[in-house]
Amino acid sequence: MKQVTFSVPEISCGHCTSSIEKGLTALAGVHSVSSDIAAKTTTVEFDDSIDVATLIEEFDNIGFDATEA
């Protein structure tokens, strides 16, 4: 299992974290998602069936810019 932390500058509230967590956990291969409003980061645990580019694309689909931290 892999774990990557993403910088997500637009995170500003609980609704933001909820949207991100709901969207990313819907992807096959994602095991957990945890966002930190203060740090403006999201940490994702996922398996080899998915890659970082796919996760970044899903952030974009949800409406957030994300980069690997």
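In the predicted model, the hairpin of β2 and β3 has four residues between its strands. K40 takes a positive phi there, near 55 degrees. That value is positive in a residue other than glycine. K40 sits in the loop between β2 and β3. Its relative accessibility is 32%, so K40 counts as partly exposed.

The two strands of this hairpin run antiparallel and are joined by six bridges. One pairing sets V33 against its bridge partner V44 in β3. T41 also belongs to strand β3. T41 counts as buried, at 18% relative accessibility. The cut-off for burial is under 20%. Leaving aside neighbours within four places in sequence, T41 is in contact with seven residues: T5, F6, V8, I11, S34, S35 and D36.

The hairpin is part of an open sheet of four strands. The strand order is β2-β3-β1-β4, and the pairing is antiparallel. β2 (30–36) and β4 (67–68) stand at the edges. Each has a single partner strand, so one side of each is left without a neighbour in the sheet. Strand β1 (residues 2–7) runs antiparallel to strand β3 (residues 41–46). Six bridges join β1 to β3. Within this pairing, T5 stands opposite T43 in β3.

Two helices pack on the sheet. Helix α1 (residues 14–25) touches β2 and β3. The direction of α1 makes about 165 degrees with that of β2. Helix α2 (residues 52–62) touches β1, β2, β3 and β4. The direction of α2 makes about 40 degrees with that of β1.

Burial along α2 was examined next. Which residues of α2 are buried? L55, E58 and F59 are buried. They cover an arc of only 105 degrees around the axis, which puts them on the same side of α2. The spacing follows from helix geometry: an α-helix has 3.6 residues a turn, so residues three or four places apart point the same way. The cover over the buried residues of α2 includes β1, α1, β2 and β3. The face turned away from the buried side carries exposed residues, namely A53, E57, D60 and N61. G63 follows α2 and has a positive phi, near 110 degrees.

Charge pairing was then considered. Side chains of opposite charge can pair when their charged atoms come close. The structure holds one salt bridge. D48 forms this salt bridge with K2. The closest N and O atoms of the pair are 3.7 Å apart. The salt bridge links distant parts of the chain, with D48 in the loop between β3 and α2 and K2 in strand β1. The two residues are 46 residues apart. D48 is exposed, with a relative accessible area of 64%. K2 counts as partly exposed, at 39% relative accessibility.

D51 is also found in the loop between β3 and α2. D51 counts as partly exposed, at 39% relative accessibility. In sequence, D51 and G29 are 22 residues apart. In space, their C-alpha atoms are 9.2 Å apart.

The cysteines were checked for cross-links. A disulfide is a covalent bond between the sulfur atoms of two cysteines. The structure holds zero disulfides. Why is C13 not bonded to C16? The closest cysteine sulfur to that of C13 is in C16, at 3.5 Å, which is too far for a bond. The cut-off for a disulfide is sulfur atoms within 2.5 Å. C16 is likewise in no disulfide. C13 is partly exposed, with a relative accessible area of 29%. C16 is buried, with a relative accessible area of 10%.

Notes:
Residues numbered from 1 in each chain as written. Predicted model: local features only at pLDDT ≥ 70, side-chain atom pairs only at ≥ 80, totals over all residues. Heavy atoms only, no water. Pairing = 2+ DSSP bridges. Contact = heavy atoms within 4.5 Å. Axes fitted to C-alpha atoms, helices over the stretch in contact; angles between N-to-C directions. Buried < 20%, exposed > 50% of the residue type's maximum accessible area, 1.4 Å probe, protein only. Arc of directions from axis to C-beta. Salt bridge = Lys/Arg side-chain N within 4 Å of Asp/Glu carboxyl O.
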